[in-house]
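The following exercises concern the packing of a single protein chain. Each task is followed by a worked solution.

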Amino acid sequence: HRSKHPYILEKESEHQPLQQHRERNRSGRIFRGAPVIKTIIPNPAKAQSLLLAAEHQVSYSKTIAVSEEATPIIIKEIYDSFLMTGEALMLLRGKHAQSKGHHRIILNELITLPINTSRPLENLKTLQELRRKILYDGYHPTITEAHDVLSLADACFPPLLEAVKKEVKK
């Protein structure tokens with residue numbers, strides 16, 4: 001028998017369907033193993049939205065005065081902007097990366113673009129490692145590292161953004 005509220009279960013046996021669902025779908029919630037790339041329907045509208053957000057985020061990050069307190073924020077924001085740009089590219093190509101390691105897949109998608117930059121796009125992998133150290137190891141970046149990341153953004157972000165925008169127009 002059910003209570004007055006449909007979401008409140010009175011009998012213990014009524015929990016079984018939920019528990020069975022949880023058991024069946026548990027593996028989908030825990031991301032382990034190799035990264036997965038799913039094929040999806042390309043979504044140019046969402047890609048454009050991500051590109052606009054990334055562009056604004058980089059512009060804002062460049063206005064933050066570089067100081068000891070601001071270095072982690074600047075680095076994380078710049079990294080997230082590159083990540084959004086890569087996600088937009090993947091959306092345009094009908095791909096979606098998930099599972100552990102999906103950031104690596106997204107950045108590799110950017111690195112494969114045939115563009116010329118004054119700094120190697122492989123530096124995005126170094127940026128990813130720096131961000132990981134900040135978030136998970138409690139690393140506090142130096143002012144020099146923040147300036148280097150801003151320099152990387154100046155050198156690589158505009159050409160990457162333009163290349164992905166060209167793909168939106170295709």
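**Exercise 1. Identify the residues at the centre of the largest nonpolar core and the helices that supply the core.**

Step 1. The largest nonpolar core has 43 residues, and those touching the most other members are Ile 78, Phe 82, Leu 110, Leu 124, Leu 127, Leu 160 and Val 164. Such a core is a set of buried Ala, Val, Leu, Ile, Met, Phe, Trp, Tyr and Cys residues joined through side-chain atoms within 4.5 Å; buried means under 20% relative accessible area, exposed over 50% and partly exposed in between, with a 1.4 Å probe and protein chains only.

Step 2. At least two residues of this core come from each of helix H2 (44–63), H3 (71–92), H4 (102–111), H5 (123–137) and H6 (143–169). Helices (H or I, at least four residues) and strands (E, at least two) are DSSP runs numbered from the N terminus.

Step 3. The model is predicted: local features need pLDDT of at least 70, side-chain atom pairs count only at pLDDT 80 or more, and totals for chains, interfaces and linings use all residues. Residues are numbered from 1 along each chain as its sequence is written, and side-chain values use heavy atoms, without hydrogens and water.

Step 4. Leaving aside neighbours within four places in sequence, Leu 124 is in contact (heavy atoms within 4.5 Å) with Phe 82, Leu 107, Leu 110, Ile 111, Leu 152 and Leu 160.

**Exercise 2. Characterise the aromatic pair found in the whole structure.**

Step 1. The search finds 1 aromatic pair, where ring centres of Phe, Tyr or Trp (its six-membered ring) must lie within 6.5 Å; planes under 30 degrees apart count as stacked, over 60 as edge-to-face and the rest as tilted.

Step 2. The ring centres of Phe 82 and Phe 157 are 5.6 Å apart and their planes lie at 80°, so the pair is edge-to-face.

Step 3. Phe 82 belongs to helix H3 and Phe 157 to helix H6, 75 residues apart, so the pair links distant parts of the chain.

Step 4. Phe 82 is buried at 0% relative accessibility, and Phe 157 is buried at 4%.

**Exercise 3. Describe the surroundings of Glu 109 in helix H4.**

Step 1. With a relative accessible area of 8%, Glu 109 is buried.

Step 2. Beyond four places in sequence, Glu 109 contacts Leu 89, Met 90, Arg 93 and Lys 95.

Step 3. The side chains of Glu 109 and Arg 93 are joined by a polar contact of 2.7 Å. This term denotes a pair of N or O atoms within 3.5 Å; within protein, one must be able to donate a hydrogen and the other to accept it, and residues adjacent in sequence count only if both atoms are side-chain atoms.
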